[in-house]
Amino acid sequence: MTVYTAIHETPSVEVYRMLRVGSGLSAKSELAAVRGLANSLFAVQILGDGAPIGMGRVIGDGGCFYQVVDIAVLPSHQGRGLGKRIMQDISAYLREHAPETAYVSLIADGEARHLYAQYGFELTAPASVGMAFER
């Protein structure tokens with residue numbers, strides 16, 4: 001049986017890139033990962049028997065705006081409540097650190113919206129919709 005633990009530590013560039021691709025998220029270049037990870041407000045990693053198998057991060061300006069990003073769990077560890085564990089830790093961070101008037105957002109892929117709804121996130125459409133610009 002795998003022993004899972006959570007640590008509140010930003011993943012290394014190598015671990016970050018591996019978890020994104022391994023969980024089905026888009027690949028990020030080494031340069032993008034170096035720059036992005038340095039700007040994390042909060043990060044949680046899930047370790048399975050000591051090896052990283054999941055993660056999540058919060059980015060933003062630390063006052064007005066926060067965004068939940070990089071929620072990822074390797075497929076062989078999905079379905080075990082680890083996404084919920086990541087969101088529990090992120091939610092606790094946000095409750096403690098985000099000012100009352102802060103706007104916290106995320107982009108939910110597919111059925112992941114059901115997980116995020118458990119933590120108070122609501123669909124914003126049709127009043128507003130997520131948009132993206134990819135270089």
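## Strand pairing

Two strands are taken to pair if DSSP finds at least two bridges between them. In this predicted model, strands E4 and E5 run parallel and are joined by four bridges. Within this pairing, valine 68 of E4 lies opposite leucine 106 in E5. On the other side of the account stands E3, which pairs with E4 in the antiparallel sense over six bridges. Here valine 58 is set opposite valine 68 in E4. Valine 68 thus faces valine 58 in one pairing and leucine 106 in E5 in another.

Strand E2 (42–48) pairs with E3 over seven bridges, again in the antiparallel sense. Phenylalanine 42 is the residue opposite valine 58 in E3. Strand E1 (residues 4–7) runs antiparallel to E2, with four bridges between them. The bridge partner of tyrosine 4 in E2 is glycine 48.

## Connections between strands

Two hairpins can be described. E2 and E3 form a hairpin with two residues between them, and aspartate 49 in the turn has a positive phi of about 50°. The hairpin of E3 and E4 has four residues between the strands, and its turn includes glycine 62, with a positive phi of about 80°.

The parallel strands E4 and E5 are connected in another manner: together with H3, they make a right-handed β-α-β unit.

## Burial and the nonpolar core

Two strands are notable for burial, for which the cut-off is under 20% relative accessible area. Seven of the seven residues of E2 are buried, so E2 is largely enclosed by the rest of the structure. Phe42, Val44, Ile46 and Gly48 point one way from this strand, while Ala43, Gln45 and Leu47 point the other way; all are buried. E4 is likewise largely enclosed by the rest of the structure, because seven of its nine residues are buried.

In soluble globular proteins, nonpolar side chains tend to be buried together. The largest nonpolar core of the model has 30 residues, and those with the most contacts inside it are Val68, Met87, Ile90 and Leu94. The elements that give two or more residues to this core are H1, H2, E2, E3, E4, H3 and H4. H3 provides the largest share, six residues.

## The largest pocket

The largest pocket has a volume of about 1,400 Å³. It is lined by 43 residues, of which Arg20, Ser26, Lys28, Val69 and Asp70 are the closest to its centre. Two or more lining residues come from each of helix H1 (13–22), helix H2 (30–37), strand E3 (51–60), strand E4 (65–73), helix H3 (82–97) and helix H4 (112–117).

E4 gives the most to this lining, with seven residues. By residue type, the lining of the largest pocket divides into 22 nonpolar, twelve polar and nine charged residues.

## The second largest pocket

The second largest pocket holds about 510 Å³ of space. Of the 21 residues that line it, Leu106, Ile107, Glu122, Leu123 and Thr124 are the closest to its centre. Strand E5 (103–106) and H4 are the elements that give two or more residues to this lining. Eleven residues of the lining are nonpolar, eight are polar and two are charged.

Leu106 also has a place in the strand pairing described above, where leucine 106 in E5 is opposite valine 68.

Definitions and conventions:
Residues are numbered from 1 along each chain as its sequence is written. This is a predicted model: local features need pLDDT of at least 70, side-chain atom pairs count only at pLDDT 80 or more; totals for chains, interfaces and linings use all residues. Side-chain values use heavy atoms; hydrogens and water are left out. On a 1 Å grid over the protein atoms alone, a cavity is a set of points where a 1.4 Å probe fits but cannot get out, and a pocket is an open set with protein on both sides within 12 Å along at least five of seven lines; lining residues have an atom within 4 Å of a point. Grid points are joined across faces, edges and corners, and a volume is the space filled by probe spheres set on the points. Ala, Val, Leu, Ile, Met, Phe, Trp, Tyr, Cys and Pro count as nonpolar, Asp, Glu, Lys and Arg as charged, and the others, Gly among them, as polar. Buried means under 20% relative accessible area, exposed over 50%, partly exposed in between (1.4 Å probe, protein chains only). A crossover is right-handed if, with the strands pointing away from the viewer, the path from the first strand over the helix to the second runs clockwise. A nonpolar core is a set of buried Ala, Val, Leu, Ile, Met, Phe, Trp, Tyr and Cys residues joined through side-chain atoms within 4.5 Å.
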